[in-house]
Amino acid sequence: GKCTNCRRCTINCPMGVDFATVNRMVRGLLVSVGVMPEGVAVVSKDQWEIGNQMGVLKEDYLETLEWLSDELEEEFGDPAARIPVDKPDCNIVYTINPREVKYDPRTISDAARIFYAAGESWTMPSEGWDMTNFGLFSGDDALGGVVAHRVYEQVRALRGRKLVMSECGHGYRSTRCEGPNWAGEDIEFDMESSVITMLRYLREGRIKVDPSKNASSYTFHDSCNNARSCGLYEEPRELLQAVAGDVREMYPNRAENYCCTGGGGAMSMSEYAPRRLKSAKVKADQLTATGAKFVVTSCHNCVDGLTDLIKHYKLDMKVTQLVNLVAQALVMPKRPA
């Protein structure tokens, strides 16, 4: 409960010790003999048995996609705006964090709007759609490998050309960087964060945006797993600058940024919440210094961690993600009548 495995100490260690890796290894040893916090045990059990970390049943997942599709079809007056499920031979298989189904389905519909505007060939799988992975947090390589394999298996079954992951730091790191090793597989398709996907659409002119639609002030929070562990520093900033006018950098940033306090499985370990929020004071001060009204992040763990500390320290600020801002800024193309 004292470490979120953010790896900030690693990049500053004069001896080059990766303490987060050591910590994960020790956690794995404890898990192997049945010693772990209750929250981690519950979430890991859901991933083993139900297939996603929040225990979302398949029928609830599909029902959510169905009503989101109904809303999108009504919004655009076009059946092509619906969310495709298990559609074979698409360019993109899109996977998400279960938090999106359970607590924030707008991120799914916002992604669908962007795919629709870009004229993308895409689908979501009915199985293996959870790209998060508690094996990273618990140190359980067996769980890590099984969860990653489920995602890879669906991309292959649907003959997808690319796996795109929604904005989730540990999910991106687990699936793209660590998962092939845990699962012992060679991956024959491309894998990328949706941040890269959205930025590519902008660069290629496949979507058009109006930054004036995001008229508030924004600062960007680097997710530890996206940034320090996977090198996503400049792409999210380029995307944010394109869709919002008033963007303010917080300091320190990039590799030196402070953790949201929610990483390393901390959000599932409620017994450590007081300690986590006490340590969040440095992050709260960092956010306050920007004067921004929104903090933008590309990670659902960070959304929850930042939301908690903003509420705890009574900051005049809200949390949002790039997918929400891009969807808000979209200038939709005129479709033929």
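**Reading the helices, the sheet and some odd spots**

User: Where is the place of R159?

Analyst: R159 sits in the loop between α8 (141-157) and β3 (162-165). Keep in mind that this is a predicted model.

User: What makes the phi of R159 worth a comment?

Analyst: Its sign. Phi of R159 is near 55 degrees, which is positive, and the residue is not a glycine. As background, most residues other than glycine have a negative phi. R7 gets a mention too: its phi is near 75 degrees, again a positive value in a residue other than glycine. R7 belongs to the segment before α1 (8-12).

User: How do you know which kind of peptide bond joins Y251 and P252?

Analyst: Look at omega. For the bond joining Y251 and P252, omega is about -5 degrees, and the bond is cis. Most peptide bonds are trans. P252 is found in the loop between β7 and α12 (273-279).

User: On to the helices. Are α10 and α11 called parallel, perpendicular or oblique, and why?

Analyst: Start with the angle: the axes of α10 (residues 194-203) and α11 (residues 234-243) cross at roughly 50 degrees and come within 9 Å. Roughly parallel would need an angle under 35 degrees, and roughly perpendicular starts at 65. The angle fits neither class, so α10 and α11 are oblique to each other. The crossing of α10 with α11 is left-handed.

User: What makes up the contact of α10 with α11?

Analyst: From α10 you have V195, I196, M198, L199, L202 and R203, and they meet E235, P236, E238, L239 and A242 of α11. Sorted by class, that contact has eight nonpolar, three charged and no polar residues.

User: And what would you call the angle at which α6 and α10 cross?

Analyst: The axes of α6 (residues 106-118) and α10 cross at roughly 30 degrees and come within 11 Å. The cut-off for roughly parallel is under 35 degrees, so this pair counts as roughly parallel. α6 passes α10 in a left-handed crossing. The residues that meet are I114, F115 and A118 in α6 with T197, M198 and Y201 in α10. By class, they are five nonpolar, one polar and no charged.

User: Which strands stand at the edges of the four-strand sheet, and why?

Analyst: The sheet is open, with parallel pairing and the order β7-β6-β8-β9. β7 (246-248) and β9 (318-321) each have a single partner strand, so one side of each has no neighbour in the sheet and they stand at the edges. On average, neighbouring strands here are turned by 35 degrees against each other, direction ignored.

User: How do you know that β8 and β9 pair?

Analyst: Count the bridges. Pairing takes at least two, and four join β8 (residues 294-297) to β9, so the two strands pair. For one residue pairing in that stretch, V296 has T320 of β9 as its bridge partner.

User: What lies across this sheet?

Analyst: α11 lies across β6 (217-221), β7 and β8. It runs at about 170 degrees to β6. Roughly antiparallel begins over 145, so α11 and β6 get that label.

User: Why are E49 and K45 called a salt bridge?

Analyst: The side chains are 2.9 Å apart, N to O. The limit is 4 Å, so the pair qualifies. Both residues lie in α3 (residues 38-49), four residues apart, about one turn of the helix. By this rule the model has 29 salt bridges.

Methods: Residues numbered from 1 in each chain as written. Predicted model: local features only at pLDDT ≥ 70, side-chain atom pairs only at ≥ 80, totals over all residues. Heavy atoms only, no water. Axes fitted to C-alpha atoms, helices over the stretch in contact; angles between N-to-C directions. Parallel < 35°, antiparallel > 145°, perpendicular 65-115°, else oblique. Left-handed = near helix turned anticlockwise from the far one by under 90°. Contact = heavy atoms within 4.5 Å. Nonpolar A, V, L, I, M, F, W, Y, C, P; charged D, E, K, R; others polar.
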